[in-house]
Each structure stands twice: as C-alpha cells, then as structure tokens.
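Here is a quick tour of one model, written for someone who likes to check geometry by eye. Open the viewer and follow along.

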Amino acid sequence: MKSLTKITHLIIDMDGVLYVGDKPMPCLKEFFAFLRERSIPFILATNNSTRTPQEYVKKLAGMDVKVSPTEILASGQAVARLLAREYPSGTRVHVFGMPALKQAMMDEGFVVADENVKLVIASMDREVNYQKLKTATLLIRGGARFIATNIDPTVPSEEGLLPGTGSMIAALETASGEKPKIVGKPEPTMYQLAMEQMAAQPSTTAAIGDRVDTDILGGQRAGLTTICVLSGSSSRVEAEIGKADYIFTDIADLLHAWKNELRSH
C-alpha cells in the first residue's frame, strides 16, 4: 500500500475538491496550513479555464486561503504554454471561450483574431450563441487546427451538475466533423507541466481530484499517486472501479488520515 507520508508534491483540482460553487469544503483553511507547515509544494490544476489565476487567488482569499498565482495552473494556461513551444509569437488564434482564456493566449504571445487563424482554441463559454458556434465551425472547416482545453461533460455547482466544456466541444466537433486535440485532464499534459514547474517526480507526487474520468485517470497516466475525494462529481463505486489509490469523503477526511499516518510513523 502506498503511504501518504511519502508524498512530497501535490497537484490539486479545485472545483468539487476545495469548494463547490462558492461554498468551501470543511477544513479548507486547515488543509492548506498543513501543506505550508510540512513545506509540501502544490499546484492547483483545474480544467476550468473561465477564470484567470488572479481571479482564483481572489476566490480562495474569500475563503480565507492565501495562494499565489504561480501556484495555479488552469487548462487555458496549459494550452497556451504548450502551443507556445510549437508556434511562434504572433501566431493568430481564434478563442471560443471566456475572457480568461483569451488572456492566457495573449500572455504567451498569441494574437486573438476571428479570421486568418492557424488555431481554434475552444473551452467553456457561458455566453455561447449560434454566431460563436458558426464562426468557430467555419474556421475549423477552413483548416484551422482544433484544440480543446478539456472535455468535462459537466461542472459541479451548488445547484447540481451543470453543462461543462465537453458539451460545447461536442457541438463544435459535430458541426466541423473534426476531433480536437485535448490538453486538459484526463490527458497527462497538465500534470506534466505542473511537475515540471515544481521540479517534482511522479513517484512522490499525488493528484487530488473529484472526477475519476479526468483527475484520477489523468494522474494515473502521468504515473502519480491518485487521491479521489467524494465531494464533487464521482461516487465511491466509480472511484473503486477507477482504481484510485486513496478514496476519502473530502479533504477534511484526507487531512485527518494524513495526520494520523504521520503520528503513527
């Protein structure tokens, strides 16, 4: 059996793990205090590209948790970083998504445009309409490379599971006849970028998530220890079928188990 005491780095999902909507999970502040006390570096890695790192910092500050923008990696940033290694600064891209995704692309030197583009970067757009779907579809059909931040079908909220990025990607895929390259979880790319940033090794890094089909599967593909919490999307049965290394009710349950394990050593 793997040991929590051997974990030196963490890659942590946010929605459904640290909070649901604007409601923080029990022991959220204590969980981060524990990581700081133990000097365990972490990256908060989320498929949700609708907020900038600074906006995530502000959201968590409202829950009495202090993190740095450098400790956050959203799928939009991961896409931008990855593509910046392949395409020169000034490459024209079309963004089907929220302002935060456009900002992530511009931060890496891309020019956001609606015509003569090499890439269509697609994600969640809470203001989606027919015109936006039409523009992106025609660009993909015209030869632009189709990139998706993720294909999460739903996103957890206080109201229940809401339509996620995957529902929008499905519409574009159906209309364009093209399958996108996916960068976010369950692909291992985000985990690899996060480990690179922390100079971490897979053998001593754990992924914490609430979705078996993205967080846990992505962590497994990256060779990490996987910790599934049942406070978001997936059930215990799904976590067991998905072979998560650890299953906890929530981060409070994980924190309690981790402290107990340290005391017994």
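## A lysine over a ring

Start with Lys59: its charged end sits over the ring of Tyr19, 4.5 Å from the ring centre. Keep in mind while you look around that this is a predicted model.

## The phenylalanine cluster

There are 4 aromatic pairs in the structure. One of them joins Phe31 and Phe32 edge-to-face, with 5.7 Å centre to centre and 80 degrees between the planes. Both of these residues, Phe31 and Phe32, are buried.

Phe32 also makes an edge-to-face pair with Phe42, this time at 5.3 Å centre to centre and 70 degrees between the planes. That pair links distant parts of the chain, as Phe32 belongs to helix α1 (residues 28-37) and Phe42 to strand β4 (residues 42-46), 10 residues apart. Put together, Phe31, Phe32 and Phe42 form one aromatic cluster. How buried is the Phe32–Phe42 pair? Phe32 has 4% relative accessibility, so it counts as buried. Phe42 has a relative accessible area of 3%, so it is buried too.

## The parallel sheet

Now for the sheet. It is open and built from 6 strands, in the order β5-β4-β1-β13-β14-β15, with parallel pairing. Why do β5 and β15 each have a side without a neighbour in the sheet? Both β5 (72-74) and β15 (246-248) stand at the edges and have a single partner strand each, so one side of each is left free of a neighbour there. On average, neighbouring strands of this sheet are turned by 20 degrees against each other, direction ignored.

Zoom in on β1 (residues 9-12) and β13 (residues 205-209): these run parallel and are joined by 4 bridges. Take Ile12, for instance, whose bridge partner in β13 is Ile208. Two helices are worth a look here. Helix α8 (residues 212-221) packs on the sheet and touches β13 and β14 (225-229), its direction making about 165 degrees with that of β14. Helix α10 (residues 251-264) packs on the sheet as well, touching β1, β13, β14 and β15, and its direction makes about 120 degrees with that of β15.

## Ala207 and its surroundings

Strand β13 is also home to Ala207. Is this residue buried or exposed? Ala207 has 1% relative accessibility, so it counts as buried. Leaving aside residues up to four places away in sequence, Ala207 touches Ile11, Tyr191, Asp215, Gly219, Leu224, Thr225, Thr226 and Ile227.

If you want a distance to check, try Ala207 to Gln131: they are 76 residues apart in sequence and 38 Å apart in space, C-alpha to C-alpha.

## Backbone spots to check

A cis peptide bond runs from Lys185 to Pro186, with omega near 20 degrees. Pro186 is found in the loop between β12 (181-182) and α7 (189-198).

Then come some positive phi values. Ser39 is not a glycine, yet its phi is positive, at about 55 degrees. Ser39 lies in the loop between α1 and β4, and with a relative accessible area of 60% it is exposed. Asn116, another residue other than glycine, has a positive phi near 50 degrees. Look for Asn116 in the loop between β7 (111-112) and β8 (119-122). Its relative accessibility is 64%, so Asn116 counts as exposed.

Terms used: Residues are numbered from 1 along each chain as its sequence is written. This is a predicted model: local features need pLDDT of at least 70, side-chain atom pairs count only at pLDDT 80 or more; totals for chains, interfaces and linings use all residues. Side-chain values use heavy atoms; hydrogens and water are left out. Two strands pair if DSSP finds at least two bridges between them. Axes are lines fitted to C-alpha atoms, for helices over the stretch in contact, and angles run from 0 to 180 degrees between N-to-C directions. Contact means heavy atoms within 4.5 Å. Buried means under 20% relative accessible area, exposed over 50%, partly exposed in between (1.4 Å probe, protein chains only). Rings of Phe, Tyr and Trp (its six-membered ring) pair if their centres lie within 6.5 Å; planes under 30 degrees apart count as stacked, over 60 as edge-to-face and the rest as tilted. A charge sits over a ring if NZ of Lys or CZ of Arg is within 6 Å of the ring centre and within 35 degrees of the ring normal.
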